[in-house]
Amino acid sequence: MTLPRPNSIKCPYGQAFTIFCEMLSQETDDCILWPYALKNKMALIRLGGTRRHARLEQAHRLAWIMTHREQIEFTHIRQRCKNLRCFNPRHLEKDSQTCRMRRGLAVLIELSNRDTDDCVLWPYSQMHDGRGMATVDGQKMSTNRAAWLADGRPLTKKQVVRHSCDNSQCVNLRHLLAGTQKENVEDCIRRGRKVVRHGELNGTSVLTEKQVKEIRFLHCPGDKNWGARPLARRYGVGRTTVNQLLKGLTWKHLL
Ligand SMILES: [Zn+2]
Ligand SMILES: [Zn+2]
């Protein structure tokens with residue numbers, strides 16, 4: 001079956017999701033086709049965020065998530081009508097082989113289930129913080145999270161997957177546990193892992209060493225001009241950034 005040529009016009013920036021929702025609400029038994037340009041033969045919808053942090057989701061998967069409100073990270077959704085541009089929820093079904101594993105994920109499952117109490121290190125690509133990175137259904141995610149979900153373990157939206165062994169490359173399921181982001185940060189600090197992130201060398205930092213010293217010097221707790229909040233505004237950074245440097249969690253080498 002040959003697909004009709006998709007329109008080559010790009011969807012107006014930032015409007016994909018609105019247009020998608022409008023189209024999704026049509027009550028029809030016909031195919032609902034994405035009218036704009038495709039990427040790799042798929043309609044990709046940009047969700048929220050800025051240009052840099054936006055997340056792309058395939059239109060038919062997004063339609064499934066919005067209709068059924070369920071997590072489908074490891075489930076393959078396909079169009080019964082065989083039209084890859086179609087996202088009519090009435091034409092969608094779960095692939096009979098649910099949890100279709102891409103090769104990378106299959107390797108990860110094998111590694112994470114090894115019968116050993118030692119750390120099992122992910123030998124492939126890593127994220128900037130040293131955690132392993134795997135691509136699952138076209139989405140990049142950390143190997144600890146992917147291994148956890150692939151094992152069918154529950155994870156709420158607010159939870160993250162932590163390591164009990166402090167080896168961020170480790171994927172051994174016996175060393176993984178669910179927790180909050182706060183606990184995760186506390187783990188890092190307790191084990192001194194954050195120290196590695198050195199001030200200006202840390203790519204995400206927007207403050208200079210000089211400014212950090214200034215902030216520490218100027219800070220006066222609770223003051224309406226020199227408290228953490230006004231200082232953050234003055235230096236154009238988040239309040240958390242200022243609080244962390246004041247507590248000495250970041251920029252430790254300047255203390
Ligand atoms: Zn269809
Ligand atoms: Zn480990």
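**Exercise 1.** Find which residues Ala-43 touches, leaving out residues up to four places away in sequence.

*Solution.* Start with the rule: two residues are in contact if their C-beta atoms, placed from the backbone, lie within 7 Å. With that rule, Ala-43 touches Trp-34, Leu-38, Gln-58, Ala-59, Arg-85 and Phe-87.

Before going on, note that this is a predicted model, where local features need pLDDT of at least 70, side-chain atom pairs count only at pLDDT 80 or more, and totals for chains, interfaces and linings use all residues. Residues are numbered from 1 along each chain as its sequence is written, while chains are lettered from A and ligands numbered from 1 in the order in which they are written.

**Exercise 2.** Work out which elements give two or more residues to the largest nonpolar core.

*Solution.* First, the term: a nonpolar core is a set of buried Ala, Val, Leu, Ile, Met, Phe, Trp, Tyr and Cys residues joined through C-beta atoms within 7 Å. Buried means that 20 or more other C-beta atoms lie within 10 Å of a residue's own; exposed means 12 or fewer, and partly exposed is in between. Next, the core itself: it has 16 residues, and Ala-43, Ile-45, Ala-59 and Phe-87 have the most contacts inside it. The elements you want are H1, strand E1 (44-47) and helix H2 (59-68). Helices (H or I, at least four residues) and strands (E, at least two) are DSSP runs, numbered from the N terminus. H2 gives the largest share, four residues. There's also a second, separate core of 14 residues, with Leu-108, Val-120, Ala-147 and Ala-150 among them.

**Exercise 3.** Decide why Asn-83 counts as partly exposed.

*Solution.* Locate Asn-83 first: look in the loop between strand E3 (77-79) and strand E4 (92-94). Then count: Asn-83 is partly exposed because 17 other C-beta atoms lie within 10 Å. Finally, check a partner from elsewhere in the chain: the C-alpha atoms of Asn-83 and Ile-32 are separated by 9.6 Å, though the two residues are 51 apart along the chain.

**Exercise 4.** Say where confidence is lowest and where it is highest among the helices and strands.

*Solution.* Use pLDDT, the predictor's confidence in each residue, from 0 to 100. For the protein chain the mean is 79, and 82% of its residues reach 70 or more. Strand E5 (residues 133-136) is lowest, at a mean of 75, and helix H1 (residues 16-24) is highest, at 91. Now look at residues 97-101: pLDDT is below 50 there, and the stretch has six contacts in the model beyond near neighbours in sequence.
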